[in-house]
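Subject: Structure for you to look at

Hello,

Here is the structure I said I would pass on. Please open it first and keep it beside this email while you read.

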Amino acid sequence: MATRGSGTGIVADQVWKKFHRGEVHDSLRDLIPAVARRMTGRAVKRDELGSDDFWSVRDVSFRVEAGEALGIIGPNGAGKSTTLRILTGIMRPDRGSVQIRGRLRALIEVAAGFHPDLTGRENIFLNGAILGMATGEVSRKLDRIVDFSGVEAFLDTPVKRYSSGMMARLGFSVAAHMDPQVLLVDEILSVGDMAFQKKCFSYMEGLSEQGVAVVFVSHNMSAIARLCPNTMVLHQGAVRFLGSTDEAQQAYYSLLDEKAADAQQAPGPSLESFEIRDAEGVPKRVFRSGERCTVRTSVRVDRRYQEFSLGLSLAMPSGDESFHTTSRRLNEPTIDAQAGDVIELTAELTLNLAGGSQTVWVQCHDYAGSPSEVRRVAAMEIHVQKSLDFGGIAYLDPSVQLRKADSGAGATD
Amino acid sequence: MSNTRPVVVQVWSSSANRIRVFATLAETWRDLIEYRHLLFQLALRDVRIRYKQAVMGFAWAIFLPILIVLSGIVVRYAMSYLSGTTLDTDIIAGLAIKSIPWAFFVGAIQFSSGVLIANRNLVTKIYFPREVLPTASVLAQCFDSAIGGLAVLAVLPLLGVSYGWAALWIFPLLAALFLFTLGSSLLLSSANLFFRDVKYIVRLLLTFGIFFTPVFFEPEMFGGTGAQLMMLNPLAPILEGLRLAVVEGHDLSQTLMVTGTGADILAWSPWYLVYVFALAVFGTAAAAVLFHRLEFLFAEYI
């Protein structure tokens with residue numbers, strides 16, 4: 001389209017942002033010493049760290065041109081939201097700069113500006129203004145906004161009587177009509193029912209075609225993989241990886257592993273090793289659905305367990321389990337494990353799953369305990385790319401035949 | 001999508017350490033103009049929610065002024081009883097004209113000082129110039145007070161007031177009141193975001209302020225020095241000016257002396273106008289600059 005190449009986009013250049021740990025002076029009593037420090041020149045400079053300060057975002061640089069979409073992913077506390085707030089202009093960086101070329105709009109908490117006592121119609125105008133639209137612009141687009149939201153019948157009802165799904169739909173409908181050149185999106189695609197999410201996705205997919213520069217912040221890898229060709233992985237405020245989304249997925253999952261390994265200090269059975277390989281024996285994190293994989297893990301036992309067994313559990317990002325089993329359920333005898341023993345499990349699985357992220361948990365079971373004890377010792381996130389044509393969450397390896405039934409012949413025979 | 005307009009370029013970088021007053025003011029003004037639709041919608045929201053689900057509806061706009069006038073009548077009745085004079089209609093007319101700006105100031109400060117915290121959701125999530133929030137609350141209060149003000153202006157002739165040319169002083173006085181209130185709400189709303197004690201200070205200020213502001217009485221009742229001290233309160237010259245111009249028909253560019261118990265007392269000097277305007281203009285400019293410098297910290301400290 002015409003906007004491609006017209007120079008719109010985002011350039012983030014070595015952006016740093018510091019935060020303060022613990023309480024900032026919150027009452028006037030603390031102001032006086034702070035002011036005194038500043039007057040005597042002992043205050044901390046803007047671009048240096050004070051005693052309780054830390055860098056929430058450190059040296060982040062990237063570029064998004066018109067028609068491009070960049071995903072930003074990272075574990076909690078990686079600096080995703082801070083980066084997003086710096087991009088929107090809510091916070092200013094302490095070092096470096098961000099240049100936004102083109103009309104900037106943000107899809108963040110689409111219903112944040114709603115007032116419960118106002119009607120749907122009144123809130124459309126209010127929210128439109130909050131998102132940067134002129135009153136006339138909202139009036140012109142009112143019909144389309146209402147159409148998109150599907151809440152016509154409740155347009156003159158106060159939104160406090162709306163369901164949360166209706167609120168989200170109305171909020172998104174307003175936001176979807178703001179005609180941006182540069183768009184920042186935060187996690188909103190996780191609201192609403194399936195049909196609405198589909199609508200959101202197709203809207204988002206259309207944006208790149210219209211030449212909008214999009215930054216999409218999420219911790220849902222599959223949503224990013226679907227919308228963004230390029231992804232930036234953030235960890236502790238710094239860029240861990242910036243490049244194609246396929247490689248970014250591997251980088252992100254190995255990052256999650258490191259974090260999981262750090263968390264292994266708690267008492268209980270501890271993880272010795274954990275890996276997932278494909279049929280050729282290559283360690284991998286991204287699989288196609290229907291692919292065969294081998295999970296190998298070993299656990300060091302911290303005390304005696306009379307009937308010890310290891311199990312695996314796969315869970316979707318929603319937390320719902322897609323599959324779980326234990327060695328005992330598969331008729332492997334339990335082990336009488338002594339403190340210090342290392343127990344190994346090898347499991348072969350066929351990933352007959354729909355596309356998306358799956359968290360693979362290693363679980364220790366002691367069937368002698370009453371009630372039997374279960375303990376999760378490790379998690380690894382894998383990504384399943386949907387390569388078979390089916391719907392739902394599991395592939396049931398179907399075989400089908402379709403033909404025109406020969407209705408007359410059977411009766412006469 | 002054809003786009004002939006030039007591409008808007010915004011740069012976010014750490015704010016300079018030097019304060020550039022005029023550049024900051026110009027930027028604030030541009031921001032408010034650019035976000036005028038939001039300003040209007042937020043003011044409209046405030047007006048709407050004040051009257052939705054409220055049984056008395058627009059009667060609330062004149063309820064507080066009526067209460068102020070009734071309290072004033074009680075106070076003035078006691079005074080005239082002690083001094084053996086009668087409570088004439090001029091006094092009631094003066095109370096009525098002063099009740100509106102006082103109610104405006106109280107209402108505007110009450111709503112605007114907490115407005116940033118009340119809209120925490122917007123402040124932490126969505127970018128727009130934060131000046132819009134307190135300014136919109138002051139504008140919403142203007143709407144309320146306009147209803148009350150028109151009601152008072154309609155009632156005053158019944159109390160024997162006839163409007164002369166001097167009544168035109170209303171406009172500059174109201175402009176000063178608006179500016180001063182806006183400056184106060186910018187200052188208090190941002191201060192309240194950083195220091196929660198400001199909320200209590202505001203509450204005290206609004207409760208006891210009426211004793212230090214000539215609403216129920218006239219400054220000259222305190223004698224020469226007392227009157228001048230009282231007039232240091234920036235609201236005092238505004239309220240007194242309104243009463244003198246509208247009820248007494250006094251031209252505010254002229255000095256006014258009244259006979260007190262001993263010597264003559266200075267009831268009005270044109271310098272009071274200069275004082276109030278200087279304070280309103282420079283004070284509000286200072287508050288706006290401060291607010292604009294701080295607003296990028298709001299999301300972090302709220």
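Below is what was found in it, starting with the overall picture and ending with a single residue.

Please keep in mind that this is a predicted model. For chain A the mean pLDDT is 84, and 87% of the residues of chain A reach 70 or more. The elements of chain A are not equal in this respect: S8(A) has the highest mean pLDDT, at 94, and helix H9 (residues 407-412) the lowest, at 53. Over residues 1-5 of chain A, pLDDT stays under 50. The model has 16 contacts beyond four places in sequence for that stretch. Where pLDDT is low, the predicted coordinates should not be read in detail.

Chain A has 9 helices and 18 strands. Of its 413 residues, 38% are buried. If you take the contacts in chain A between residues at least 6 apart in sequence, 74% of them join residues at least 24 apart.

Next, a sheet in chain A. Six strands form an open sheet with mixed pairing, in the order S5-S6-S7-S3-S8-S9. Strand S5 (104-107) and strand S9 (238-244) are at the edges; each has a single partner strand, so one side of each has no neighbour in the sheet. On average, and ignoring direction, neighbouring strands of this sheet are turned by 15° against each other.

One pair in that sheet can be followed residue by residue. Strand S6 (residues 182-186) and strand S7 (residues 213-217) of chain A run parallel and are joined by 5 bridges. In this pair, A:Asp186 stands opposite A:Val217. Helix H2 (residues 80-88) of chain A lies across S3, S5, S6, S7 and S8 of chain A, and runs at about 150° to S6(A).

Now the domains. The domain assignment divides chain A into domain 1 (9-22 + 61-250) and domain 2 (263-385). Taken over C-alpha atoms, the centres of these two domains of chain A are 37 Å apart. How many residues of each domain are in contact with the other? In chain A, 5 residues of domain 1 are in contact with 7 residues of domain 2. On the domain 1 side, helix H7 (221-227) and helix H8 (245-262) of chain A are the elements that give two or more residues. That side has 1 nonpolar residue, 4 polar residues and no charged ones.

Chain A also touches chain B. This contact takes 48 residues from chain A and 34 from chain B. On the side of chain A, the elements that give two or more residues are helix H1 (28-39), H2, strand S4 (95-101), S5 and helix H3 (120-130). S4(A) gives the most, with 6 residues. By class, the side of chain A that touches chain B has 21 nonpolar, 15 polar and 12 charged residues. S4(A) also pairs with strand S1 (residues 9-13) of chain B, in the antiparallel sense and over 5 bridges. There, A:Ser97 stands opposite B:Ser13.

Last, one residue of chain B. B:Asp264 lies in strand S3 (residues 264-268) of chain B. Is this residue buried or exposed? B:Asp264 counts as exposed, because it has 11 C-beta neighbours inside 10 Å. Apart from neighbours within four places in sequence, B:Asp264 is in contact with B:Met257, B:Val258 and B:Thr259. B:Phe111 is 153 residues from B:Asp264 along the chain, and their C-alpha atoms are separated by 41 Å.

Regards

Key: Residues numbered from 1 in each chain as written. Chains lettered and ligands numbered in written order. Predicted model: local features only at pLDDT ≥ 70, side-chain atom pairs only at ≥ 80, totals over all residues. Pairing = 2+ DSSP bridges. Helix = DSSP H or I, 4+ residues; strand = E, 2+ residues; numbered from the N terminus. Axes fitted to C-alpha atoms, helices over the stretch in contact; angles between N-to-C directions. Contact = placed C-beta atoms within 7 Å. Domains from an automatic or database assignment. Nonpolar A, V, L, I, M, F, W, Y, C, P; charged D, E, K, R; others polar. pLDDT = per-residue confidence, 0-100. Buried ≥ 20, exposed ≤ 12 C-beta atoms within 10 Å, placed from the backbone.
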